[in-house]
Amino acid sequence: MISSFTLLSASLLTQFQGVTGAKGGIIGFGLSLYQDSCSLACHDSLSSLYLSCTTFSDHNGMTGMKEMGMEMGMTGMTTEECRTSNMPWLQTMAYCIQQACGAQGYTVERQARCFSTHAVAGASEPSFHDCLPITAPTVELPENATWLNSTSLVNHHLYHATHGTLEEFARSEYIHTKYSMILYFIVIGTCLLWGIKIQLASILPSIHQQWHKSTAVSKLRQYLGLPALFGFRHLEPLPANLGYIPGRTLAIAISIYVAFNVIFSSISFGSFQPNIYFPSQQFELCEYVGNRTGTLSLVNMSIAILFAGRNNILIGITGWSQTTFLTLHRWAARVATLQAIAHSIAYTVQYVNPGYDGAESYPEKAAEPFYWWGIIGTIALSLATAFAVLPLRISLYESFLIVHIVLIILALVACWYHLVPHFGFQYGYQVWLYICFAFWSADRFARLARLIYYNRLGDAKATVEVVPGCNILHITVFPRTIRGIGPGQHTFLYFPGLGRFWESHPFSIAAWEKRQASLQPASPSLSASKGNETYSIAKEFATLPPAIDSTLQVKSIATPQEAPYESQKYNDVSFQLLVRAHSGMTGTLQRYLSLHPAGSKVEISLYTEGYYAGHHATLQSLFTADTVLCLAGGLGITNALGFIQEYVNKVSLEGEEVEKSRGIMRRAKRFILAWSAKEIAFIDYVKKNFLADAQGLEYLLWYTGSPERGPQKPETPKDEIRELKTPATTGIDTAVTIGRMPIGSVIRSSLEVGHQTTVLVCGPGQMADEARRQVVGCVKDGFSIDLVEEAFAW
């Protein structure tokens with residue numbers, strides 16, 4: 001919770017400071033553009049005219065007063081002091097404000113305020129009443145007038161063009177902000193509404209369960225909530241690693257989000273001609289389209305940064321996984337990039353096509369700092385999106401991450417220098433950048449706070465050993481505290497002693513221990529009865545394979561014991577991870593261990609960010625589950641072991657304590673583990689170190705590796721499933737089945753009529769997708785079943 005509160009408070013504080021620094025916020029929300037346009041139009045229609053007190057400078061720097069027949073090549077400067085003392089200016093402005101603003105219903109007092117603001121630069125003297133001419137002027141200034149020598153009427157056509165230009169531009173800018181705010185409220189509001197629904201379900205579990213079992217909700221889950229978008233592929237990447245296909249519900253949400261962005265980028269554009277800013281309608285529309293897409297791009301950039309954060313508070317509120325938010329992050333970033341490109345195209349077309357001076361003016365404009373900073377920002381954002389393709393993320397993740405962060409920082413810096421030096425704070429564009437900075441810095445600050453809170457700075461240690469017979473490492477971390485730890489969580493680790501101290505890597509937490517609260521001794525193992533209701537129903541559906549028939553057993557779990565000196569040295573708290581060595585940091589760690597004697601535990605310097613995920617909102621279906629089935633593939637057993645420890649803790653309680661238990665599996669009567677792995681040595685290691693005394697646990701094991709690397713088996717028909725006894729050295733007589741796990745049969749065999757089953761899946765994408773397909777089929781057959789996926793997608 002420390003990170004959530006830190007993120008929320010830091011983000012709100014930073015955003016508040018940003019908004020207040022923007023002189024009142026953004027246009028339409030605390031900031032008004034061209035307020036009192038009737039008065040401002042009077043000012044702008046007259047401000048270019050020379051007055052009798054205007055001073056002129058020639059190219060040689062000489063200054064002085066000139067007559068009306070002044071020579072060409074002279075430039076004039078009219079100061080505010082000049083205007084406030086010039087009666088033709090004061091009387092013409094006062095009469096224009098009285099006529100134009102009075103026609104719009106302005107009171108005399110408001111007209112006076114307008115006069116003070118626009119005619120005398122905010123001064124109280126001379127006053128509006130003193131400057132009103134006694135006799136109304138009758139002479140109208142010509143459109144090409146250059147001097148104001150007497151009280152006159154403002155040129156009607158010039159005033160009309162000026163006032164219309166200001167009104168249309170202000171309206172356009174307000175709509176940009178309005179649609180940006182609507183988009184923000186749609187995205188964040190949807191997350192918050194879903195979070196409220198989740199929290200209400202936690203408060204009223206019985207009502208939620210009845211609603212969950214209703215026919216309408218079952219149909220929604222069957223056709224909308226659970227299935228993959230097309231076919232059965234969801235977590236398994238597309239061929240050639242082209243990407244992932246979102247689930248059906250997520251795909252619909254993304255489509256709606258993209259549709260809103262397309263709509264908001266395309267509607268409510270107006271035009272006013274003749275226009276004092278834009279010489280043609282095409283030029284004017286390019287300006288409005290460019291500003292709209294530019295503003296929406298900044299909004300979507302802030303959303304993308306929020307969704308990318310590890311400490312995104314919406315994860316805990318909604319119960320959606322970080323993988324889900326990373327998917328949303330990528331789509332928000334893609335939309336922001338396309339809008340930035342559209343923004344750049346609109347401004348390019350504005351100058352290449354007839355505008356101020358046609359295409360000839362574009363090189364001069366592009367040389368201006370604000371313009372080329374905008375070009376840099378668009379290019380940086382485009383490269384960050386292009387380099388985020390799945391093949392690069394998989395093969396060069398560390399390099400991708402560094403390049404990605406650098407490009408995004410460059411894009412944000414470029415946006416700042418594109419906006420602030422050129423526009424200042426008049427339009428409030430920089431507020432969206434403040435929000436981007438707030439989300440990014442809040443997440444980084446939360447990471448730093450976590451490192452300080454969970455570690456002994458300067459003495460953060462862990463022990464690492466190699467699991468014999470495979471490339472898996474067993475890491476035991478000794479944090480300062482394990483407060484907040486629980487099942488379904490992962491942590492980010494730093495290995496400062498191995499170089500690249502800035503890198504952090506996510507790993508699932510397999511087990512944790514606080515010796516002051518050790519588990520009670522396990523009770524003797526129990527055999528599963530073939531006459532129970534589960535077995536009978538499975539037989540009725542003909543779904544129970546021989547492997548399940550003969551290997552279903554009840555065991556208890558024991559947390560691996562560390563050497564006494566370690567527990568005493570590190571305050572009796574620890575958590576453990578099982579990590580497969582790859583080519584990156586884990587490969588470096590494996591090579592470091594190879595320098596030490598085989599089988600030894602090696603102490604290393606290691607820092608943890610604490611414990612992420614495992615939110616009650618994510619695991620809500622476990623609260624009402626009667627049976628929990630955990631499907632694990634390969635190293636996915638690491639995530640499953642945390643749930644097993646939680647279940648064993650519950651089972652080990654006796655009498656009234658069971659009823660008072662507030663754990664996430666408070667109602668569960670059965671916990672079934674079905675695990676397949678390619679290394680028999682890994683299976684043996686986990687059984688010996690984590691499942692040796694698994695009280696109340698039913699587990700089924702499959703070996704999917706090659707026969708040469710595992711126990712030898714006799715010649716067997718290809719479609720027949722055989723059992724293998726584990727080596728006697730393990731001391732465990734549980735059978736291991738050779739072959740692929742029959743996921744459908746395993747799921748069906750766990751179902752009981754009138755009971756709620758929750759399926760936890762942590763394994764390869766293909767396994768998770770098959771489990772999803774089978775769960776959809778079970779829902780279709782009328783069973784009460786939920787699915788919780790724990791999967792990391794690159």
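Let's start at one pairing in this predicted model: Val 761 stands opposite Glu 789, which sits in strand 23. From strand 22, the chain passes through helix 28 (residues 765-780) on its way to strand 23, and this β-α-β crossover is right-handed.

Strand 22 has partners in two strands, and here's how the bridges add up:

| Strand pair | Bridges | Direction |
|---|---|---|
| Strand 17 (residues 627-633) and strand 22 | 6 bridges | parallel |
| Strand 22 and strand 23 (residues 785-789) | 5 bridges | parallel |

On the strand 17 pairing, Ala 632 has Cys 762 of strand 22 as its bridge partner.

So how buried is strand 22 (residues 757-762)? Of its 6 residues, 6 are buried, so the strand is largely enclosed by the rest of the structure. In a regular strand, side chains alternate between the two faces of the sheet. Here both faces are covered: one side has Thr 757, Val 759 and Val 761, the other has Thr 758, Leu 760 and Cys 762, and all are buried.

Now for a helix. Helix 11 (residues 281-308) has 28 residues and reaches 40 Å from its first C-alpha to its last, close to the 40 Å expected. Because 23 of those 28 residues are buried, helix 11 is largely enclosed by the rest of the structure too.

Finally, the empty spaces. There are 2 cavities of 30 Å³ or more, and the second largest holds about 40 Å³ of space. Its lining includes Ile 26, Glu 173, Thr 295 and Trp 432. Strand 1 (26-27) and helix 7 (156-203) each supply at least two lining residues. By class, the lining has 5 nonpolar, 3 polar and 1 charged residues.

How values were computed. Residues numbered from 1 in each chain as written. Predicted model: local features only at pLDDT ≥ 70, side-chain atom pairs only at ≥ 80, totals over all residues. Heavy atoms only, no water. Helix = DSSP H or I, 4+ residues; strand = E, 2+ residues; numbered from the N terminus. Expected span 1.5 Å × (residues − 1). Buried < 20%, exposed > 50% of the residue type's maximum accessible area, 1.4 Å probe, protein only. 1 Å grid on protein atoms, 1.4 Å probe; cavity = no way out; pocket = protein on both sides within 12 Å on 5 of 7 lines; lining within 4 Å. Points joined across faces, edges and corners; volume = space filled by probe spheres on them. Nonpolar A, V, L, I, M, F, W, Y, C, P; charged D, E, K, R; others polar. Pairing = 2+ DSSP bridges. Right-handed = clockwise from strand over helix to strand, strands pointing away.
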